[in-house]
Amino acid sequence: MKLQTKIIVMILLLLSAMAGFVFSMVVHQTKPAPVTPERLRTYHYPISFVEQVKNDPQAGEKIFRAYCATCHGKHPQIPLNAPLIGDSKRWTSLKKMGMKMLLRVTRSGVGAMPARGGCFECEDKQLKQAIGYILEHSTLD
């Protein structure tokens, strides 16, 4: 085969590959999904979440659901034998420690629970609200 013929064949193969690539890009072109509030809720934005619940009277419940319920919920996603919300026997005994001590334990973490219960952006006031929510829904008065 002559050199000219080889070069022409190589150029044709290269053009064919480029045409196939461009065709594939056009056929399989996808548009990004529109940004909707529902899509945004599927992502974890702890800083904006903490700002949103700053003066919310239901902050304790919202923080519990976003962070604590993973291990302390009635049906925990991570079963670590953590005291579950509604378990009056366990939480009544923990309540005797007092809010100051419960906050200290929450801030430093204990066992598998990370420091600040995983809500590193939460202020102490917000952690107290979450603890208060748990106690309110778990202890006998």
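Helices (H or I, at least four residues) and strands (E, at least two) are DSSP runs, numbered from the N terminus.

**View 1. The whole chain, helix after helix.** This is a predicted model, where local features need pLDDT of at least 70, side-chain atom pairs count only at pLDDT 80 or more, and totals for chains, interfaces and linings use all residues. Residues are numbered from 1 along each chain as its sequence is written, and side-chain values use heavy atoms, with hydrogens and water left out. Going along the sequence, you read α-α-α-α-α-α-α, with 7 helices and 0 strands. The C-alpha atoms fill a box of roughly 95 × 30 × 25 Å along the principal axes.

**View 2. Inside the largest nonpolar core.** A nonpolar core is a set of buried (under 20% relative accessible area, 1.4 Å probe, protein chains only) Ala, Val, Leu, Ile, Met, Phe, Trp, Tyr and Cys residues joined through side-chain atoms within 4.5 Å. This one has 21 residues, and Phe-49, Ile-63, Phe-64, Tyr-67, Cys-68 and Cys-122 touch the most other members. Helix 3 (46-52), helix 4 (59-72), helix 6 (99-108) and helix 7 (124-136) each chip in at least two residues.

**View 3. Zooming in on Phe-49.** Skip the neighbours within four places in sequence, and Phe-49 is in contact with Lys-62, Ile-63, Ala-66 and Tyr-67; contact means heavy atoms within 4.5 Å.

**View 4. Leu-12, out on helix 1.** Leu-12 sits in helix 1 (residues 3-27). Is Leu-12 buried or exposed? Leu-12 is exposed, with a relative accessible area of 53%, because the cut-off for exposed is over 50%.
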